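Colleague: I am new to this structure and should be grateful for a close look at one pair of helices. Please then go on to the neighbouring topics.

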Amino acid sequence: MNRQTIALALAGSLASAFATVAFAAPLPAEKMVGMEKCYGIALKGQNDCAAGAGTTCAGTSTMDYQGNAWKAVPAGTCTTMDVNGHKGMLEPMKG
Amino acid sequence: MPYEPLHASRLPPRAGVGFKSEHYADIMETAPDIGFFEVHAENYMGEGGMPHRMLAELSARYALSLHGVGLSIGATRPLDKAHLARLRRLIDRYKPQSFSEHLAWSTHDTGFLNDLLPLPYTPETLARVADHVDEVQQATGRQLLLENPSTYVLFEESSIDEIEFLDAVAERTGCGLLLDVNNVMVSAVNHGLDPLAYIDRFPVARVGEIHLAGYDETVDGAGDRLLIDAHGSRVREDVFALYRHTVGRCGPVATLIEWDNDVPGFAVLYDEARRADDVLAEEAARHPLPRRA
Amino acid sequence: MGHAATEAAFAAALLDPALPPPAGLTTARGAPDAKRFAVYRNNVVVGLRTALATRFRVVERLVGEEFFALMARAYIAGTTPTSPLLFAYGDDLPDFIEGFAPAASVPYLADVARIEAAVTRAYHSKDSEPLGIAQLAALPPETLGDVRLAPHPAATLVRSRFPVGSIWQAHQHEAVAPVSAPGGEAVLVVRPGLEVGVHILPSRDAVFAGALLEGAALGDAAAQALAADESFDFGAALVGLAGLGAFAGTVTIDKGDKDDGHG
């Protein structure tokens, strides 16, 4: 296939995509809202977590946790999830 | 380059609170009667998005105080020019009524250390801090309020008293001072000084803003009381009493309630602000004219 | 001792708990006190750890607070922030996690961290109108294969061998629901307006999305996607991705001066 044939095949595919989503293109941007319902899976996060950390001018009386990172074992929710056969924690690292 | 001949602060002589994004919806909905909001400059140095939207809405409705945490004015290294430019952009965009930073350092060759670290008070550091404050004011086009620190150690080489140091920086640069009353209590207890005497010696005519916060308490290696500037509770009663005394000396000055760790619902901050507002109102009734020039 | 030396000693002792407090510190009693210097050390390390835990909440829940604290400590020891913009701290924590042997039993941890890093980046990223359908529809059909779309400044694609979008979603609530999705997921993080969006893409579109966000022309990206999965539907994928806000509103078209038969 040459470039033009490919381009036309792509253009055809694009045109039918416009048709399937029942748009008479061109569409105004605001009509795109709601498109995400038709494509992929929209996940819902907690928006205030998105900001990440803020600066602070305060100190803390929380103590730094001292320990050996190389002997530590993951022990949160990963221990109860079965993800593609990776269930729970495995052997702690030697060291 | 001349900078705006601002007086110490254009914040109203009322209580304000530190703005936290989790309170945004509440504030927009209830439009609380608050004298001003203060934000940490660094949290609004991203390129876009919700932080700028919130700050725009907030500054359209309330007086705004921009409080820097990361400039590292007390460090030996030169000030970060990129950071100064970011500050300038924020100031130009949101036109805060007050702009303040700390007498402390936080940036070293190893990077940003995320704490307000102490410096010795010597002729050498005084000259450098004054140069840095001067540079900040030139770069931002604004007068800076420099805040007294809370400290946990002393330096053997210090030869200048903290109040004299702050006063000298202000004298040389024309900057104003931010008097953190909780910091006064923390440092006074930690170093066996009288907090009332500190307030009584402070050059109150230079004070453009007051800070209040809650401290935590522990003991040092010798078993002496050691206060930590934790900003995670209501203002302690001894600090509040010291605040009354301070307002008696300064007159009614814009007063911030700081709360950065374990931040409660907005109603608690509002309640703290009311307490401070009452003190300011009483003082205003006693002395209708502010004592500052 | 001049201030530069005092400051350097202070900074070094802050970051290395094996070092004694720097010389030259004292107290009102006239004797140095290690516990007082430890307040600063603590403020720095706990402050940075809290910053990481705030940004990487799901990672912390997956491995637990204690493990996270130790992992964060190891990261902080090698990576102090380069700027006071703390929301950017931890941009490379996902890469660190990937090489952190004690976390090897949770092989999806680094990719979950990549989603969380991308979400914060998107939240603070430059405001930009995404590419609209009208702009797509106006592209000249005969050169469509040569079109390059600019990634939207907020857009990040995380392609993983694990169902990391489902894992991330399961941790947005107090109680963590079991994750049933098998296989890998491609997760697109976007911010077309003010709100950050996190989307699991149809798996057949992952190669296409990855190629486009790396700057490939539409024709090349489509060819790669078809080679990976013959059920790939170019039009549906392009309209879908644009609809989520994956692309910025700028389009460039390559000059057609290369040989005519490539691809």
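Modeller: The crossing of α8(B) and α9(B) is right-handed, a term for a near helix turned clockwise from the far one by less than a right angle, whereas an anticlockwise turn would be left-handed. This is a predicted model, in which local features need pLDDT of at least 70 and side-chain atom pairs count only at pLDDT 80 or more, while totals for chains, interfaces and linings use all residues. Residues are numbered from 1 along each chain as its sequence is written, and chains are lettered from A and ligands numbered from 1 in the order in which they are written.

Helix α8(B) covers residues 237–250 and α9(B) residues 266–286; helices (H or I, at least four residues) and strands (E, at least two) are DSSP runs, numbered from the N terminus. The two axes, lines fitted to C-alpha atoms over the stretch in contact, come within 10 Å and cross at roughly 30°, on a scale from 0 to 180 degrees between N-to-C directions. The helices are therefore roughly parallel, the description for angles under 35 degrees.

On the α8(B) side, Tyr243(B), Arg244(B), Val247(B) and Gly248(B) meet Val279(B), Leu280(B) and Glu283(B) of α9(B); contact requires C-beta atoms, placed from the backbone, within 7 Å. These residues divide into 4 nonpolar, 1 polar and 2 charged. Here Ala, Val, Leu, Ile, Met, Phe, Trp, Tyr, Cys and Pro count as nonpolar, Asp, Glu, Lys and Arg as charged, and the others, Gly among them, as polar.

Chain A has 1 helix and 3 strands, in the order α-β-β-β from the N terminus. In its contact with chain C, 64 residues of chain A face 83 residues of chain C. Both α1 (3–20) and β1 (41–43) of chain A supply at least two residues to that side, and α1(A) gives the largest share, 13 residues. Strand β1(A) pairs with β5(C), residues 197–200, in the antiparallel sense over 3 bridges, where pairing needs at least two DSSP bridges. Within this pair, Ile41(A) stands opposite Ile200(C).

Helix α1(A) also appears at α10(C), residues 218–228, whose buried residues include Leu218(C), Gly219(C) and Ala221(C). Buried means that 20 or more other C-beta atoms lie within 10 Å of a residue's own. Their cover includes α1 of chain A together with β2 (147–151), α9 (206–213) and α11 (234–244) of chain C.

How values were computed: Contact = placed C-beta atoms within 7 Å. Parallel < 35°, antiparallel > 145°, perpendicular 65-115°, else oblique. Buried ≥ 20, exposed ≤ 12 C-beta atoms within 10 Å, placed from the backbone.
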